[in-house]
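Visitor: I have a new protein on my screen and would like to understand the words people use for it. Could you walk me through them?

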Amino acid sequence: MRIKRILPPAAVPIKIREILIAIVRVLFGKKTIESFESELKEYYQVRHVFLLSSGKAALTVILLALRELMPERDEVLIPAYTCYSVPAAVQKAGLKIRVCDIDPLTFDFDWTRVEEAFESQRLLCAVSIHLFGLPADVERLKKKAAQCGVVIIEDAAQAMGGEVGGKKIGTLGDVALFSLGRGKALSTVSGGIILTGNGRLGDAVARVVRELPREGWTDFLATFCYALALSLLVRPCLFWLPRALPFLRLGETVFDPGFAIKRLGPFQAGLAQGWQEKLVWLRGARLKHAAYLEGAGVPAPAALKGALPNLIRFPVLVDGARRQRLIEKSEEKGLGVASVYPEAVIGISELKGALAGGPAPKAEQVAQSLVSFPVHPYVTEQDLERLAELFRSSGADGGGR
């Protein structure tokens, strides 16, 4: 066990004071939850807001609602490289996954392949994903979907607080979701949010949500302990400790459709107090750090075209050998450079033989080439200088964008 300063790849600071406030808010129970819902409705100007136990629970609930509205369709289109929670939620909802290859320059759909994906008469919806907080082209996908009666789900699990062309991410599709999990754009330890301005869809989601249990005292105690641990151990001076405990499986990506689906409890809603100001602060810090890395020669993520993203990580493509060298040197120096999802969706062993669409060679290449640099508020100016030097000294200048 080596005791040293280590940057986590992604992090959202949670203060002890925020946890104490959340405990007090638990005493107000349902009022605390309704207050958070009302703030979200006003901020995003939508009629319907639902709070769930996680982002993947939120996506599953949306899919269950859509299945009720259009039972003759059962396919969900997703990008071939994304968080494993997305295909897990599709499988949890009892639907079929159709994959489309991606554009490595944007991590969005490969638009030369989207037409082919929409030929399926069984397509229920398409999931537009703002991976790492980078804005996906939701408007372009909506235009295509409108011709086929396909619903667009905006997966903003990693992008809460971002904007595109003056519009808030989360208001661009027919229905959207955010995650409030560890390391997301905003974190209340756990939680998920559904937004929609579509009345018919909102009513269908409400019918699904009404049947779900609310998180109880056992969930509260577990989440409270997790919040305390996160508030301390995610700090760079202590992050060596959870890293040294293999049973925590930090950094592992697991495909797990066996997750629970519940309505959010008041502790997380209380932990969200002051969320609008915190989002602005988090986004400002992350953008400042991303701008430094870009200015220091680390290849920037895709062209943002006037967007104001809330990047949870700074993604960089490098070739395989340099990627491995970069990660190893980062491990030695405790700088938080990390690999991301190890396989494209078509490479997930649990999904072999269960996917429609494909092949997806660009997604497979991204899985072998992608690393992320930390840009969260715990990153200091000295860290940024060391990260930039690490990138230069690793020779990882090929393959970047």
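Guide: Here is a short talk through a predicted model, going from the whole chain to single residues.

Visitor: Happy to start wide. What makes the protein as compact as a globular protein of its length?

Guide: Let's begin with the parts: there are 14 helices and 13 strands. The radius of gyration is 20 Å, and the globule rule gives 21 Å for 401 residues; the two values are close, so the protein is as compact as a globular protein of that length. Along the principal axes, its C-alpha atoms fill a box of roughly 55 × 55 × 40 Å.

Visitor: And how much of the protein counts as buried?

Guide: Of the 401 residues, 56% do; the cut-off is a relative accessible area under 20%. The accessible surface comes to about 16900 Å², and 53% of that belongs to carbon and sulfur atoms.

Visitor: What share of the contacts comes from residues 24 or more positions apart?

Guide: Among contacts with a separation of 6 or more, such residues account for 78%.

Visitor: Why is a set of residues called a nonpolar core?

Guide: The name fits when buried residues of nonpolar kinds, such as Val, Leu and Phe, are joined through side-chain atoms within 4.5 Å. The largest core here has 84 residues, and Val61, Leu63, Tyr81, Ile153, Ile194, Phe314 and Phe373 touch the most other members. Helix H3 (residues 55–69) gives the most to this core, with 9 residues. A second, separate core has 39 residues, including Leu141, Ile152, Ile169 and Ala272.

Visitor: Which residues does Ile194 touch?

Guide: Leaving out residues up to four places away in sequence, its partners include Val49, Phe50, Val61, Ile62, Val175 and Val205. In soluble globular proteins, nonpolar side chains tend to be buried together.

Visitor: Now a single side chain. Is Phe224 buried, partly exposed or exposed?

Guide: Phe224 lies in helix H8 (residues 217–233). Its relative accessible area is 22%, while buried means under 20% and exposed means over 50%. Phe224 therefore counts as partly exposed. Not counting residues up to four places away in sequence, Phe224 touches Ile19, Ile23 and Phe267. Phe267 is 43 residues away along the chain, yet the two C-alpha atoms are separated by 7.7 Å.

Visitor: One last stop: what covers the buried residues of H4?

Guide: In helix H4 (residues 85–92), the buried residues are Val86, Pro87, Ala88, Ala89 and Val90. Their cover includes H3, strand E2 (75–79) and strand E3 (96–100). Just after H4, Gly94 takes a positive phi of about 75°.

Conventions. Residues numbered from 1 in each chain as written. Predicted model: local features only at pLDDT ≥ 70, side-chain atom pairs only at ≥ 80, totals over all residues. Heavy atoms only, no water. Helix = DSSP H or I, 4+ residues; strand = E, 2+ residues; numbered from the N terminus. Rg over C-alpha atoms; globule rule 2.2 N^0.38 Å. Buried < 20%, exposed > 50% of the residue type's maximum accessible area, 1.4 Å probe, protein only. Contact = heavy atoms within 4.5 Å. Areas by Shrake-Rupley, 256 points an atom, 1.4 Å probe, with all protein chains shown as cover.
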